[in-house]
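Trainee: Could you take me through one part of this model up close? I'd like to look at the charged pairs and whatever sits around them.

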Amino acid sequence: MLGAGALTVAAAPTLQHAFESLAQKDPTGLTGVLPNGGGFRYYSVAASVPHKSAETYRLTVNGLVEHPSTYTLPELRALPQTRLVRDVQCVTGWRVPHTPFEGVRLSRILDAAGVRPTARAVRLTCFDGTYSESLTLQQARRADVLVALRMRDKDLTHAHGGPVRLYAAPMYFYKSAKWLSGITVTDDVQPGYWEERGYDIDAWVGRSNGRDDEPTN
Ligand SMILES: Nc1nc2c(c(=O)[nH]1)N[C@H]1C(S)=C(S)[C@@H](COP(=O)(O)O)O[C@H]1N2
Ligand SMILES: [Mo]
């Protein structure tokens, strides 16, 4: 859905022009501006992404852990949920203020898996088959890093990386891997998809955005 071709064919000429000039300025995998997206843009580096339902979705946790495990969506929903309201900031400049995300703290999933003492980092993989991300263990254990199930108080849509995506609130949005399917605990940081292409591995949004502090909720 929302392939570049489909969008340009369907769009009115003015929107088409706006989209094309935007796409030229933005090499980061932008393939469409979401209708009713509230300012969000749809990004996928993969041309097509399979849909996963509550029945077919799985999240695998493995690597340097005592208890490798697999979660279904109902199992993730049954864990304590944390809701955060922060500004979404893409590194290319667009921003969506005050966006609620809700899900399970990544730290909870890591604690349940039993991280081994030699571990230093986390690698995140996606069922689009292409994207990946990474966090240091210290970053991954922050209270404002979620395995997100909901956005804007609704279940995450496929376009936004549903049913499950990462939400790394204090970092640029490229850290928030969509269509999350794997969490591998590793002994060092393995740069993610965009990081192999020049993006910063530590993606803190600047202090001016007020996101450097740990949340209180
Ligand atoms: N799997 C996957 N996750 C991804 C991306 C992607 O291309 N594939 N793009 C990243 C970037 S650069 C941004 S800005 C956000 C966009 O999220 P959205 O499509 O929900 O607006 O997803 C991030 N996570
Ligand atoms: Mo982005």
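Mentor: Let's go through the salt bridges, then a neighbouring glutamine, the ligand, and how far to trust it all. Keep in mind that this is a predicted model.

Searching the whole structure turns up 10 salt bridges. Let's start with the one between Glu 133 and Lys 175, where the closest N and O atoms sit 3.0 Å apart. This pair ties together distant parts of the chain: Glu 133 belongs to strand 8 (residues 132-136), while Lys 175 is in the loop between strand 11 (165-168) and strand 12 (180-186), and the two are 42 residues apart. Both partners, Glu 133 and Lys 175, are buried.

Now go to Asp 155 and Arg 150. They form a salt bridge too, with 3.0 Å between the closest N and O atoms. Asp 155 has a relative accessibility of 41%, so it counts as partly exposed. Arg 150 has a relative accessible area of 27%, so it is partly exposed as well. This bridge doesn't stand alone, either: Arg 150 and Asp 155 are linked with Arg 77 and Glu 102 in a network of salt bridges.

For another pair, try Arg 197 and Glu 196, whose closest N and O atoms are 3.8 Å apart, and that still makes a salt bridge given the 4 Å limit. Glu 196 is exposed because its relative accessible area, 61%, is over 50%. Arg 197, at 45% relative accessibility, counts as partly exposed.

Back to the network for a moment, since Gln 81 is worth a stop. You'll find Gln 81 in the loop between helix 3 (73-78) and strand 5 (82-89). Measuring from C-alpha to C-alpha, Gln 81 is 9.8 Å from Arg 150 in space, though 69 residues separate the two in sequence. If you ignore neighbours within four places in sequence, Gln 81 is in contact with Leu 76, Glu 102, Gly 103, Val 104 and Leu 149; Glu 102 is the one you just met in the salt-bridge network. The Gln 81 side chain also reaches backbone oxygens: that of Leu 76 at 3.0 Å, and that of Leu 79, which lies 2.7 Å from a polar atom of the side chain. With a relative accessibility of 31%, Gln 81 counts as partly exposed.

What about the ligand? Ligand 1 has 20 residues around it, and the closest are Arg 41, Asp 128, His 160, Arg 165 and Lys 178. From the side chain of Asp 128, an N or O atom comes within 2.9 Å of a ligand nitrogen. The backbone joins in as well: a polar backbone atom of Tyr 43 is 3.1 Å from an oxygen atom of ligand 1, and a backbone N or O atom of Val 45 lies 3.0 Å from a ligand oxygen. On its own, ligand 1 has 530 Å² of accessible area, and the protein covers 100% of that.

Last, the confidence. The protein chain averages a pLDDT of 85, with 78% of the residues scoring at least 70. Strand 12 comes out highest at 99, whereas helix 2 (residues 13-25) is lowest, with a mean of 39. Across residues 1-25 the pLDDT stays under 50, and there the model has 21 contacts beyond four places in sequence. Predicted coordinates shouldn't be read in detail where pLDDT is low.

Methods
Residues are numbered from 1 along each chain as its sequence is written. Chains are lettered from A and ligands numbered from 1 in the order in which they are written. This is a predicted model: local features need pLDDT of at least 70, side-chain atom pairs count only at pLDDT 80 or more; totals for chains, interfaces and linings use all residues. Side-chain values use heavy atoms; hydrogens and water are left out. A salt bridge is a side-chain nitrogen of Lys or Arg within 4 Å of a carboxyl oxygen of Asp or Glu. Helices (H or I, at least four residues) and strands (E, at least two) are DSSP runs, numbered from the N terminus. Buried means under 20% relative accessible area, exposed over 50%, partly exposed in between (1.4 Å probe, protein chains only). pLDDT is the predictor's confidence in each residue, from 0 to 100. Contact means heavy atoms within 4.5 Å. A residue is near a molecule or strand if one of its heavy atoms lies within 4 Å of it. A polar contact is a pair of N or O atoms within 3.5 Å; within protein, one must be able to donate a hydrogen and the other to accept it, and residues adjacent in sequence count only if both atoms are side-chain atoms. Accessible areas come from the Shrake-Rupley method with a 1.4 Å probe; for residues, only the protein chains shown count as cover.
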